[in-house]
Amino acid sequence: IGNSAAFADPIIGGTLEYYGSGGFTQSTDLVVNKLRVDLTSPTSTMTLAADLTTNGLFEVSRGTLIISDASSTNREITSNDRVLVGATGRIRVNTSSGTRRHKWYFNSDLINNGGELRFTNRTSVVANTYTTSDDDIIEAYFVSSSENQEFLANGLSNFSRIVVDKGVDMTYILSISSTNPNFFKLLGRCN
């Protein structure tokens, strides 16, 4: 994509939509207002091999958004508004072997409405891995210091690490809930 500055304004900006059969890669850093991924099927893929900032709604309604390619670059994503994953939407980290630590900063809610969030390739806790890991992960940071946030896990939601930084006092909270205890798994270190 070329110059996306017109899409970035949180008041008058537009919506950038990725659609079609997938199989493509976004390889340049991107700042947009709203972003929608609506591919042909849940198994259609799009790879984000760049940093991303969204100022409005970020929605993966259908298809699989893969964070990072096989390069050694750590990625940073900042979502300044709600992130919504639909029932046929998926977000996952790249499955290639590596030790990349991507960071996703959430300034609003993260809602998984029956889709999949795989911020780690682990499926269970691995003993004695307090500080190191041999797989790529996305560290989730919930960082709004001006409002409460919600993480709703109504579909598979596997995480390696969640950091909650709500500011200098206890005014605002992060609420984590799920309709099924098997949907939410925290599989990484506990610090």
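# A tour of the predicted model

Of the 191 residues of the protein chain, 47% count as buried. The coordinates come from a predicted model.

**Whole chain**

Start with the whole chain in cartoon view. The protein chain holds 1 helix and 18 strands. Its radius of gyration is 16 Å, close to the 16 Å that the globule rule gives for 191 residues, so the chain is as compact as a globular protein of that length. Along the principal axes, the C-alpha atoms fill a box of roughly 45 × 40 × 30 Å.

Switch to a surface. About 9000 Å² of the protein chain is exposed, and carbon and sulfur atoms supply 50% of that area. If you draw a contact map, count the contacts with a separation of 6 or more: residues 24 or more positions apart account for 64% of them.

**The nonpolar core**

Select I91, W104 and F119 and show their side chains. These are the residues with the most contacts inside the largest nonpolar core, which has 32 residues.

Centre on I91. Which residues does I91 contact, leaving aside its neighbours within four places in sequence? The list is V60, L65, I67, V85, W104, E116, L117, R118 and F119. W104 and F119 appear in that list, and both are also named with I91 for the most contacts inside the core.

**Aromatic rings**

Now show the aromatic side chains. The structure holds 11 aromatic pairs. One of them, F151 with F159, is edge-to-face, with 5.1 Å centre to centre and 70° between the planes. Are F151 and F159 buried or exposed? F151 counts as buried because its relative accessibility is 0%, under the 20% cut-off. F159 is likewise buried, with a relative accessible area of 0%.

Extend the selection to F58, W104, F106, F119, F142, F151, F159 and F184. Ring pairs link these residues into a cluster. W104 and F119, from the previous stop, belong to this cluster.

**E139**

Select E139, in strand β13, which covers residues 137-142. E139 is buried, at 6% relative accessible area. Its side chain makes a polar contact of 3.5 Å with the side chain of R161. Show the surroundings of E139 as sticks: beyond four places in sequence, E139 is in contact with R101, H102, K103, W104, R161 and R189. W104 is thus a contact of E139 as well as of I91.

**D136**

Step back along the chain to D136, in the loop between β12 (116-118) and β13. D136 counts as buried, with 0% relative accessibility. What does the side chain of D136 reach at 3.4 Å? It reaches the backbone nitrogen of T99. The side chain of D136 also makes a polar contact with the side chain of R100, at 2.6 Å.

Display the residues around D136. Leaving aside neighbours within four places in sequence, its contacts are V93, N94, S96, G98, T99, R100, R101, H102, F119, T120 and N121. R101 and H102 are in this list and among the contacts of E139.

**T64 and S68**

Move to T64, in strand β7 (residues 58-67). T64 is buried, with a relative accessible area of 3%. Not counting residues up to four places away in sequence, T64 touches L39, P42, T43, S44, T45, M46, R90 and R92. For a distance across the model, draw a line from T64 to S178: the two are 114 residues apart in sequence and 21 Å apart in space, C-alpha to C-alpha.

Then select S68, in the loop between β7 and β8 (76-79). S68 is buried, at 0% relative accessible area. Check its backbone: phi of S68 is near 85°, a positive value in a residue other than glycine.

**D38**

The last stop is D38, in strand β4 (residues 34-39). D38 counts as buried because its 15% relative accessibility is under the 20% cut-off. Show R36 together with D38: a polar contact of 3.3 Å joins their side chains. Beyond four places in sequence, D38 is in contact with E17, Y18, Y19, G20, S61 and R62. Finally, draw a C-alpha distance from D38 to G86: these residues are 48 apart along the chain, and the separation is 9.9 Å.

Key
Residues are numbered from 1 along each chain as its sequence is written. This is a predicted model: local features need pLDDT of at least 70, side-chain atom pairs count only at pLDDT 80 or more; totals for chains, interfaces and linings use all residues. Side-chain values use heavy atoms; hydrogens and water are left out. A nonpolar core is a set of buried Ala, Val, Leu, Ile, Met, Phe, Trp, Tyr and Cys residues joined through side-chain atoms within 4.5 Å. Buried means under 20% relative accessible area, exposed over 50%, partly exposed in between (1.4 Å probe, protein chains only). Contact means heavy atoms within 4.5 Å. Rings of Phe, Tyr and Trp (its six-membered ring) pair if their centres lie within 6.5 Å; planes under 30 degrees apart count as stacked, over 60 as edge-to-face and the rest as tilted. Helices (H or I, at least four residues) and strands (E, at least two) are DSSP runs, numbered from the N terminus. A polar contact is a pair of N or O atoms within 3.5 Å; within protein, one must be able to donate a hydrogen and the other to accept it, and residues adjacent in sequence count only if both atoms are side-chain atoms. The radius of gyration is taken over C-alpha atoms; the globule rule is 2.2 Å times the number of residues to the power 0.38. Accessible areas come from the Shrake-Rupley method with a 1.4 Å probe; for residues, only the protein chains shown count as cover.
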